[in-house]
Amino acid sequence: MIGFNDALNKVLEHAQDYGNEIVSLDESHGRVLAETILADRDFPPFDRSTKDGIAIRFDALKSPGQAFASQGVAQAGSPQVTLDHNEHCIEVMTGAIVPKNTDTVIMYEHTSKSGDIFTVEKSIKKGQNIHYQGSDINQGKVLLQPGIFITSAEIGVLASVGKTQVLVKKLPRIAVISTGNELVNVEEIPLPFQIRKSNSHSLYALLETEGIAADLHHLLDEPSAIQEALGRLIKTYDVLLLSGGVSMGKFDFLPEAFAALGVEKSFHKVLQRPGKPFWFGKHSEYKTLLFSFPGNPVSTFVNYHLYFKAWLNKTLGRVAPQFTVILSDSFTNETDLTLFIGAKIDNKEGRLMAEILSSSGSGDLVGLSKVDGFVTIPPKETLQKEAKAMFIPTRNLWQ
Ligand SMILES: Nc1nc2c(c(=O)[nH]1)N[C@H]1C(S)=C(S)[C@@H](COP(=O)(O)OP(=O)(O)OC[C@H]3O[C@@H](n4cnc5c(N)ncnc54)[C@H](O)[C@@H]3O)O[C@H]1N2
Ligand code: MOO
């Protein structure tokens with residue numbers, strides 16, 4: 001049996017490049033950018049007023065309390081207007097082009113008004129309240145590099161340079177496959193010896209957060225039916241995420257089916273808990289990757305984060321942040337397994353404190369909904385109270 005780090009390295013060796021595709025601006029949210037985005041014009045594209053107020057020529061202001069007659073209004077969305085007399089002003093709105101022959105904007109609150117005459121009530125600086133053309137970035141400069149993850153902030157940048165279509169990295173086509181005669185659909189009432197499928201829905205939801213719309217399939221514990229269905233699925237998808245049927249049970253038919261179908265085993269079983277009976281391999285001809293997770297819900301969930309998520313990050317060229325947390329209590333791992341222990345995180349003045357939560361084992365689906373992620377405890381190690389530990393977040397800690 002191999003250790004966790006070796007298993008992870010083997011999975012990462014199989015990172016793939018699925019190429020690029022063009023999607024609409026809205027669809028690019030959550031995807032990885034595959035092109036360089038240049039500024040199509042200066043940012044901002046003109047000297048823009050940052051305040052509602054009056055624009056004057058600074059040199060015309062001889063003394064505080066000087067009055068300026070308004071010559072008109074410069075509205076955002078209108079062409080540039082021109083100040084005709086230095087001793088006049090033009091009312092200017094936020095976002096409007098600063099009028100020609102003016103160089104300073106005074107907000108309304110720093111003036112008093114009588115009819116069309118504005119009196120300057122505060123001392124001012126030349127050039128104030130103007131966001132100068134090109135001061136954020138100049139035309140032709142790089143705004144976004146390929147490989148970045150497109151969040152709502154990047155969507156705004158893409159929109160502002162007129163990108164209705166965006167080149168992004170292609171995502172793998174994925175099938176999520178549940179296995180087992182005991183499983184019924186969510187809408188069904190299970191008989192006493194049955195349970196509802198949950199792993200497939202958790203996996204589907206996890207993939208959805210990656211922008212991947214997976215297809216769901218189910219295999220009953222019947223060797224020839226499993227082989228026949230898997231044979232088809234291997235030809236159709238880039239990746240199969242399976243749960244259940246990979247341990248020692250009399251009805252755990254998957255490893256045999258994989259071998260019969262020409263899937264090359266990379267490893268089966270890892271020195272870890274939960275998730276030990278994990279099977280990973282690749283089809284010799286179709287290059288389909290098979291992540292075959294142990295069926296216990298916590299095992300499937302943890303292994304998705306440990307292996308599949310790491311593989312997807314590498315495949316898409318994303319650098320995943322490494323988290324460390326501080327243990328609230330000491331923890332001793334007497335086993336030769338890497339342990340992944342569910343924990344709740346408390347952000348205590350910037351220190352991420354991990355409180356280990358008790359669990360009734362890898363079938364404890366309810367416990368899973370209470371954890372923020374999993375603390376890694378290496379084999380045969382004791383981590384003291386306040387020691388740092390690696391942490392695999394399974395929830396967005398910032399929301
Ligand atoms: N003799 C041994 N028995 C077991 C070992 C072992 O090393 N030797 N390992 C145990 C460990 S650890 C795990 S984890 C499980 C994994 O077994 P399988 O991958 O074969 O999974 P199943 O037996 O099919 O199912 C286990 C458990 O999970 C439930 N399950 C399965 N799929 C789903 C699903 N889609 N949604 C909800 N729940 C699901 C299933 O009903 C079982 O209760 O093996 C141990 N045994
Ligand atoms: O590894 Mo199993 O996943 O411990 O229950």
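Helix packing and local backbone features of the predicted model

Helix α3 (residues 199–208) packs against α6 at an angle of about 25°, with the two axes 10 Å apart. In this predicted model, that angle makes α3 roughly parallel to α6, and the crossing of the two helices is right-handed. On the side of α3 the contact is formed by Asn 199, Leu 203, Leu 206 and Leu 207, which meet Pro 297, Thr 300, Phe 301, Tyr 304, His 305 and Phe 308 of α6. Sorted by class, the residues of this contact comprise seven nonpolar, three polar and no charged ones.

Helix α6 (residues 297–315) also takes part in a packing with helix α1 (residues 4–12), in which the axes lie 9 Å apart and the angle is about 40°. Because angles under 35 degrees count as roughly parallel, this arrangement falls outside that class, and α1 is oblique to α6. The crossing of α1 and α6 is right-handed. Phe 4, Ala 7, Leu 8, Val 11 and Leu 12 contribute from α1, while Leu 306, Tyr 307, Ala 310, Trp 311 and Lys 314 contribute from α6. The contact of α1 with α6 is made up of nine nonpolar residues, no polar residues and one charged residue.

A further helix pair is formed by α4 (residues 223–236) and α5 (residues 254–261), whose axes come within 10 Å and cross at roughly 55°. The two helices are therefore oblique to each other, and their crossing is right-handed. In this pair, Ile 226, Gln 227, Leu 230, Gly 231 and Ile 234 of α4 meet Leu 254, Ala 257, Phe 258, Ala 260 and Leu 261 of α5. The contact of α4 with α5 contains eight nonpolar and two polar residues, and no charged residues.

With regard to annotation, an unreviewed UniProt entry places the feature "domain: MoaB/Mog" at residues 175–314. In the model, the C-alpha atoms at the two ends of this span lie 20 Å apart, and the span is 36% helix and 28% strand.

Two peptide bonds preceding proline are described next. The bond from Phe 43 to Pro 44 is cis, with omega near -10°, and Pro 44 is situated in the loop between β3 (37–38) and β4 (48–49). The bond from Arg 273 to Pro 274 is likewise cis, with omega near -5°; here Pro 274 belongs to the loop between β20 (270–273) and β21 (279–283).

Positive phi values outside glycine are found at Asn 101, where phi is near 75°, and at Lys 269, where phi is about 80°. Asn 101 is located in the loop between β7 and β8 and, with a relative accessibility of 36%, counts as partly exposed. Lys 269, for its part, occupies the loop between β19 (263–268) and β20; its relative accessibility of 22% likewise places Lys 269 among residues that count as partly exposed.

The loop between β7 (88–92) and β8 (104–107) also holds Ile 97. When residues up to four places away in sequence are left out, Ile 97 touches Phe 46, Asp 47, Ala 74, Ser 78, Gln 80 and Val 92. The C-alpha atom of Ile 97 is separated by 9.4 Å from that of Ile 130, a residue 33 positions away along the chain.

Leu 337 lies in the loop between β24 (331–332) and β25 (338–348). With a relative accessibility of 11%, Leu 337 counts as buried, since the cut-off for that class is under 20%. Leaving aside residues up to four places away in sequence, Leu 337 touches Leu 271, Gln 272, Arg 273, Ile 377, Pro 378 and Pro 379. Among these contacts, Arg 273 is the residue from which the cis peptide bond leads to Pro 274. Leu 337 and Pro 45, by comparison, are 292 residues apart in sequence, and their C-alpha atoms are 60 Å apart in space.

How values were computed:
Residues numbered from 1 in each chain as written. Chains lettered and ligands numbered in written order. Predicted model: local features only at pLDDT ≥ 70, side-chain atom pairs only at ≥ 80, totals over all residues. Heavy atoms only, no water. Axes fitted to C-alpha atoms, helices over the stretch in contact; angles between N-to-C directions. Helix = DSSP H or I, 4+ residues; strand = E, 2+ residues; numbered from the N terminus. Parallel < 35°, antiparallel > 145°, perpendicular 65-115°, else oblique. Left-handed = near helix turned anticlockwise from the far one by under 90°. Contact = heavy atoms within 4.5 Å. Nonpolar A, V, L, I, M, F, W, Y, C, P; charged D, E, K, R; others polar. UniProt positions renumbered as here; feature names shortened; annotations may be inferred. Buried < 20%, exposed > 50% of the residue type's maximum accessible area, 1.4 Å probe, protein only.
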